[in-house]
Amino acid sequence: MSIEFNEQEVEAAIADPSCLVSLNDAKSLKAKEDLLHEKLKHSPVSILAGMLGRCVEIVELCDPAVSKKSSFFSRITGSDIAKKVEYQASVIELSEILNEANVQAKAVKSIYSQIDCLLIDLQNKVLHLEKSQAIATHIIENRLAEVSINEQDIFRRRSANIGVLLQATELAIEQFKLNQKNALTIVHRLEEMEILVLPNWRSLILQRSLSSELTIEQGDRARAIYATVRKELHEISALLN
């Protein structure tokens, strides 16, 4: 794509090569990037990662298979009761963690909305750098003889630095967009679980606590919902790695 510039801009750059890139503007935008990086480092996404990691650990204990008909031996030894207690405690912990995860998800939305503002600044910076690089290249290729040896070195160095800065800025945009997309995907998946999956899960646990055994139909439903919850957690957890 051809970058448009006028002769006045070329003359201004020849007169003062520093106008190609404002160091103060570059420092200001770098400070914004650093601040957002720091926020992301300690963001709720990291908290979510730990919480969901714990969910993945305990979800294996929630398998409805422990609700299968008790054997005479398991009733005598008490292992059947222990399994049921462990099962229900794990289910309660899972629900509590996911409730807190949804609180953290709201904070994720807030932080990542700030990325939109930074992306606009970065995209404007890319346009400015592309134009500055085009002007510098034009001068080097067509008018370098008009400036002193020292200024020729300045133009070459400034052009090279602009190229590096442009690549770094484009990479930053890609990284921020990817982080934003992944974070919001996690938030949406958690919201779907809270609205669509967990109510049925809690209902089945209530049924389990009110009856000594699940019916065959209830058992089938419990296993299906358990498989959905387990699959969702593993997929969301994978997005955080």
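Author: Partly exposed means a relative accessible area between the buried limit of under 20% and the exposed limit of over 50%. Keep that in hand. The model here is predicted.

Reader: What makes Lys131 partly exposed?

Author: Its relative accessible area is 28%. Buried needs under 20%, and exposed needs over 50%. The value of 28% falls in between, so Lys131 is partly exposed.

Reader: Which residue forms a salt bridge with Lys131, and why is the pair called that?

Author: The partner is Glu9. The closest N and O atoms are 2.6 Å apart. A salt bridge needs a Lys or Arg side-chain nitrogen within 4 Å of a carboxyl oxygen of Asp or Glu. The 2.6 Å pair meets that limit, so the name applies.

Reader: Where do Glu9 and Lys131 lie?

Author: Glu9 is in helix α1 and Lys131 in helix α5. They are 122 residues apart, so by the numbers this pair links distant parts of the chain.

Reader: Why does Glu9 count as partly exposed?

Author: Glu9 has 26% relative accessibility. That is between the two limits of 20% and 50%, so partly exposed is the right label.

Reader: How many salt bridges does a search of the whole structure find?

Author: Five. Arg143 forms one with Glu7, with the closest N and O atoms 2.4 Å apart. The cut-off is 4 Å, so this pair qualifies.

Reader: What does the pair of Arg143 and Glu7 tie together?

Author: Arg143 lies in the loop between α5 and α6, while Glu7 is in helix α1. The pair therefore ties together parts that are 136 residues apart in sequence.

Reader: With which other residue does Arg143 form a salt bridge, at 2.7 Å?

Author: With Glu11. Glu11 sits in helix α1, 132 residues from Arg143. Glu7, Glu11, Arg143 and Glu146 are linked in a network of salt bridges.

Reader: Is Arg143 buried or exposed, and how do you know?

Author: Arg143 is buried. Its relative accessible area is 13%, and buried means under 20%, so the label fits. Glu7 is partly exposed at 41%. Glu11 is partly exposed too, at 38%.

Reader: Why can such side chains pair at all?

Author: Side chains of opposite charge can pair when their charged atoms come close.

Reader: Which residues of helix α1 are buried?

Author: Val10, Ala13 and Ile14. They cover an arc of only 100° around the axis, which puts them on the same side of α1. The face turned away from that side carries the exposed residues Gln8 and Ala15.

Reader: What happens at the start of α1?

Author: A side-chain oxygen of Asn6 reaches to within 3.2 Å of the backbone nitrogen of Gln8. The limit for a polar contact is 3.5 Å, so the distance passes.

Reader: How do you know that Leu129 is buried?

Author: Leu129 has 2% relative accessibility. Buried means under 20%, so Leu129 counts as buried. Leu129 is found in helix α5. Leaving out residues up to four places away in sequence, Leu129 touches Val21, Ile162, Leu165, Leu166 and Thr169. The C-alpha atoms of Leu129 and Thr169 are separated by 9.4 Å. Contact is judged on heavy atoms within 4.5 Å, so a 9.4 Å gap between C-alpha atoms does not rule it out.

Reader: What makes Ser159 buried?

Author: Its relative accessibility is 13%. That is under 20%, so Ser159 is buried. Ser159 lies in helix α6. Beyond its sequence neighbours up to four places away, Ser159 touches Gln133, Ala136, Thr137 and Ile140.

Reader: Which residues touch the most other members of the largest nonpolar core?

Author: Leu98, Tyr112, Phe176, Leu190 and Leu233, in a core of 51 residues. Helix α5 gives the most to this core, with 17 residues. Apart from neighbours within four places in sequence, Leu190 is in contact with residues including Leu48, Leu98 and Ile236.

Reader: How many helices and strands does the protein chain have?

Author: Seven helices and zero strands. Of its 241 residues, 38% count as buried.

How values were computed:
Residues numbered from 1 in each chain as written. Predicted model: local features only at pLDDT ≥ 70, side-chain atom pairs only at ≥ 80, totals over all residues. Heavy atoms only, no water. Buried < 20%, exposed > 50% of the residue type's maximum accessible area, 1.4 Å probe, protein only. Helix = DSSP H or I, 4+ residues; strand = E, 2+ residues; numbered from the N terminus. Arc of directions from axis to C-beta. Polar contact = N/O pair within 3.5 Å; in protein donor to acceptor, adjacent residues only side chain to side chain. Core = buried A, V, L, I, M, F, W, Y, C linked by side-chain atoms within 4.5 Å.
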